[in-house]
Amino acid sequence: MHTTLTIETPGQGLHEITNQVHDAVGALLDRDTSARRSSLCTLFIQHTSASLTIQENADPSARHDLESWLNRLVPERDALFTHTSEGPDDMPSHIKSALTATSLSIPVLDGRLALGTWQGVYLWEHRVRAHSRRVVVHVG
Amino acid sequence: MHTTLTIETPGQGLHEITNQVHDAVGALLDRDTSARRSSLCTLFIQHTSASLTIQENADPSARHDLESWLNRLVPERDALFTHTSEGPDDMPSHIKSALTATSLSIPVLDGRLALGTWQGVYLWEHRVRAHSRRVVVHVG
Amino acid sequence: MHTTLTIETPGQGLHEITNQVHDAVGALLDRDTSARRSSLCTLFIQHTSASLTIQENADPSARHDLESWLNRLVPERDALFTHTSEGPDDMPSHIKSALTATSLSIPVLDGRLALGTWQGVYLWEHRVRAHSRRVVVHVG
């Protein structure tokens, strides 16, 4: 079973999508209640300049520091870059995507994502401007 | 089918959990032998300051160097960090988790994890002190 | 359902395997057409000095820059390394593998991998010399 989420990101940063994923999984489980007790939810982002991560959802300062740290590790306008035609934020976006996750799998137990107490699911927009991003949600 | 492993880590570092995962998968397959020939084992760690990785299990010096390298890349007490209330090792732990894996999927063939000859499964504790960590093992 | 691909890499770099994966998935779906409409393809590389990634397959300069950037981040002959007996490119290979993916999951919709428009699947050879690499393809 699958569905596709369209996420409108406001620009670069970590955008929590836990609720959208939770709702999508709930709707899929309503169509096949046999998967409710134990199944697997896999998220797949159909882009190479945005990615997925699971991070602490309690204190926003942790996400702020994570973004700042990665921006410093992979700065724009690196003299090494030759792929510059799509803007200074494009090549850093590909690198950041390679260093994080394109797919994530989360067990579903008793109808709920088996996230830890402080875990949230995030779409990490690496481009500076707002984008429309597609995430395929598969439950099986 | 799923089960949850509780792993007591002695502190920061790569801790091999291949045997625990192997035993958990074996016990799950005993409950449903139809999954024995070909299925998929997914591991999910319910924390954001520890992660999962598959690494060489032959020579301990490779793991030692991997830890040293990542500790140098993500040092404590970075002037950039604002998320410091949980200790100097907390923010580096979140970054290291984002750069490695929260979920891992390993095919199960003929009742065994299809690991390569030199591959071992590791829980990577990023906090300095000992912690109790939960890893959900899903087979389906 | 599973099969194993053997990929002969010509040496260090990103080698596209999208077609091989597509063909393998097609052959597996021919054996069980019930999985055609919606299933999950998981790739698992049985090595710790090569990895998997999904990257832009349009402009080769993006992959070139990605390789150059990672080679600069993880150079050979780092004074920190003690694991040197297998050659100067071995320890960087393990680190690069830990920073990228050992397993990747891609939904299969209507018999096709649900890749985005610009996404390709790559085997990232981190060793300098040519290698024979095994990737398990699981569909379920």
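Arg77(A) sits in the loop that joins helix 2 to helix 3 (90–99) of chain A; helices (H or I, at least four residues) and strands (E, at least two) are DSSP runs counted from the N terminus. Its phi is positive, about 60 degrees, although Arg77(A) is not a glycine. Most residues other than glycine have a negative phi. Arg77(A) is also exposed, having 10 other C-beta atoms within 10 Å. Here a residue is buried if 20 or more other C-beta atoms lie within 10 Å of its own, exposed if 12 or fewer, and partly exposed in between, with C-beta atoms placed from the backbone.

Before going on, a word about what you are looking at. This is a predicted model, in which local features need pLDDT of at least 70 and side-chain atom pairs count only at pLDDT 80 or more, while totals for chains, interfaces and linings use all residues. Residues are numbered from 1 along each chain as its sequence is written, chains are lettered from A and ligands numbered from 1 in the order in which they are written.

The loop feature turns up in chain C too. Arg77(C) lies between helix 2 (60–73) and helix 3 of chain C, in the loop, and has a positive phi of about 60 degrees without being a glycine. Arg77(C) is exposed, with 10 other C-beta atoms within 10 Å.

Let us step back to the whole of chain A. It has three helices and eight strands, and from the N terminus on these elements run β-β-α-β-β-α-α-β-β-β-β. Along its principal axes, the C-alpha trace of chain A spans about 55 × 30 × 20 Å. Of the 140 residues in chain A, 51% are buried. Which separations account for 81% of the contacts in chain A that are 6 or more positions apart? They are the separations of 24 or more positions, where two residues are in contact if their C-beta atoms, placed from the backbone, lie within 7 Å.

Ser132(A) gives an example of distant parts of the sequence meeting in space: its C-alpha is 6.2 Å from that of Thr9(A), and the two are 123 residues apart in sequence. Ser132(A) belongs to strand 8 (residues 131–139) of chain A. Leaving aside neighbours within four places in sequence, Ser132(A) is in contact with Thr6(A) and Glu8(A). Is Ser132(A) buried or exposed? With 9 C-beta neighbours inside 10 Å, Ser132(A) counts as exposed.

Now for how the chains are arranged. Two copies of a chain are related by a rotation about an axis and a shift along it. Chain A is superposed on chain C by a rotation of 120 degrees with 0.0 Å of shift along its axis, at an RMSD of 0.0 Å; the fit is by least squares on the C-alpha atoms of residues with pLDDT of at least 70 in both copies. That is the relation of a three-fold axis. In chain A, the C-alpha nearest the axis belongs to Leu99(A), 3.3 Å from it. The copies use different surfaces, with 9% of the contact residues of chain A recurring in chain C.

Where chains A and C meet, 23 residues of chain A and 28 residues of chain C take part. On the side of chain A that touches chain C, strand 3 (38–45), helix 3, strand 5 (103–109) and strand 8 each supply at least two residues. Helix 3 of chain A gives the largest share, five residues. By type, this side of chain A divides into nine nonpolar, 13 polar and one charged. For these classes, Ala, Val, Leu, Ile, Met, Phe, Trp, Tyr, Cys and Pro count as nonpolar, Asp, Glu, Lys and Arg as charged, and the others, Gly among them, as polar.

Chain C in turn places 23 residues in contact with 28 residues of chain B. The largest share of the side of chain C that touches chain B, five residues, comes from helix 3 of chain C.

Finally, follow helix 2 of chain A across to chain B. In this contact, Ala62(A), Asp65(A), Leu66(A) and Trp69(A) of helix 2 of chain A meet Met91(B), His94(B), Ile95(B) and Ala98(B) of helix 3 of chain B. The residues of this helix contact divide into six nonpolar, one polar and one charged.
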